[in-house]
Amino acid sequence: MQKNSLLEATPEEVDYDSSRISVLKRHLQKLVDDNTIMGSSYCIARKNKLIACDAVGYKHYKKLEDWKMEYDTVMKAASVTKLFTAVAVFQLVEDGLLRLDEPMAKYIPQMDFDPFREITIANVLTHTSGMWPDGGCFPNEKYVDYWEKIDECKPGDDWIKAAMTCGVRRRPNEEWMYCSFGYVMLGVLISNVSGEFAEDYIMNHIVKPLGMTNTAFHPTKEMFLKHLIYEPSDEEFVKKYGKAIVEGLAMEEEATIWNEVPNTGGGLHTTVTDLIKFGQMLCNGGRYQGVRILGRMSIEKMSEQRLIHIPNYTWGSKDQERLYGLGPDLRRGDAIITSDKFFFHEGAGALCVAIDPKVELTAAWFVPYMNRESWFPECLLNVKNIIWSGIM
């Protein structure tokens, strides 16, 4: 286990009960022992001070003894990427380059026809655009796949036009439906408005200014050497990449249409030690260690409840009013003991960044599952309760 030199204060110095960190570690270790998760790494910060950063278990799906999880283990951020994309959109709003009430079609010509013409930027941020949701949201219905249409394209083809032939499932504001493709289209919006490819924009205007040196859409060789091995395909890729490093060769990427598609719905790789910086920025009114990323008003707007009488039936839900902001998830309810200003985002159920400005608490944790087809509330909801129970 690594010796931790990152901590900035003891828990009690920021009015946090240190005994709860021990409870958290025992809870996560039990999940490892029960074979629910491979391992876990986590960071907790309160009042702008990092007070906990540790890891348990393994970073290899085979639970190999020489592959112990560490607090700087790199993992795919999955849908936590969407929160970075939302921050990028708000930066463009603050610079006067767009407004959230404007139609996406104003900035993306391929959307300038019905039924896409009436979809606003705010609709896409809140998953109320009506565009087809992710596969599995409605397992008993026919699934229309934007990704399949894109995959049929060759480099240089108009993949946006091809994807638009899928149409939509609903009109805007009729229903909450989780749509990763919508966040890819926000990437197109960012690219068209800023003049930078969206992935580069996020790196240049969010990731690098925050000093997130282990976060990238295209991991560095140092990141690959610390990467979680989640499945056999990861193992094969890392071995290939390692061989290239040893032999001093560059990794050759196949030229496909996907190189032209911004991976702004789920493409970042990161560590909890980097994610906590991003979370602290959101918790602290848009600033981290003197660096301004966003204004306080933008974060307050982003984390407000935005949906009025908009139901959610995805994954078997029966919510008559989905709690969601302009990017962040706002679910609170009876399951968790957080404040009314709490917001968060999960990534494939296997990681989370959670922010609570009211009590000045931020947490980031990885919980990669042994069974990737399931979702385990003990890894997320229970963890939130343990962490938030430490506030004094």
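How many residues does helix 10 have, and how far does it reach from its first C-alpha to its last? In this predicted model, helix 10 covers residues 272–283, which gives it 12 residues, and the distance from its first C-alpha to its last is 16 Å, close to the 16 Å expected at 1.5 Å a residue.

The surroundings of helix 10 can be followed residue by residue. The helix is mostly covered, with 12 of its 12 residues buried. Among these buried positions are V272, L275, I276, F278, M281 and L282, and the list also includes D274 and K277, as well as T273, Q280 and C283. Buried here refers to a relative accessible area under 20%. Just after helix 10, the backbone at G285 takes a positive phi of about 70°.

Elsewhere in the chain, five strands form an open sheet in the order 2-1-9-8-7, and their pairing is antiparallel. Its edges are strand 2 (49–57) and strand 7 (343–347), each of which pairs on one side only, while the twist from one strand to the next averages 5°. Within this sheet, strand 1, made up of residues 39–46, pairs with strand 9, residues 361–366, in the antiparallel sense over six bridges; at one of these positions, R46 has L361 of strand 9 as its bridge partner.

A further helix can be placed relative to these strands. Helix 12 (residues 377–388) lies across strand 1, strand 7, strand 8 (351–356) and strand 9, and with respect to strand 9 it runs at about 145°.

Notes:
Residues are numbered from 1 along each chain as its sequence is written. This is a predicted model: local features need pLDDT of at least 70, side-chain atom pairs count only at pLDDT 80 or more; totals for chains, interfaces and linings use all residues. Side-chain values use heavy atoms; hydrogens and water are left out. Helices (H or I, at least four residues) and strands (E, at least two) are DSSP runs, numbered from the N terminus. The expected span of a helix is 1.5 Å times one less than its number of residues. Buried means under 20% relative accessible area, exposed over 50%, partly exposed in between (1.4 Å probe, protein chains only). Two strands pair if DSSP finds at least two bridges between them. Axes are lines fitted to C-alpha atoms, for helices over the stretch in contact, and angles run from 0 to 180 degrees between N-to-C directions. Contact means heavy atoms within 4.5 Å.
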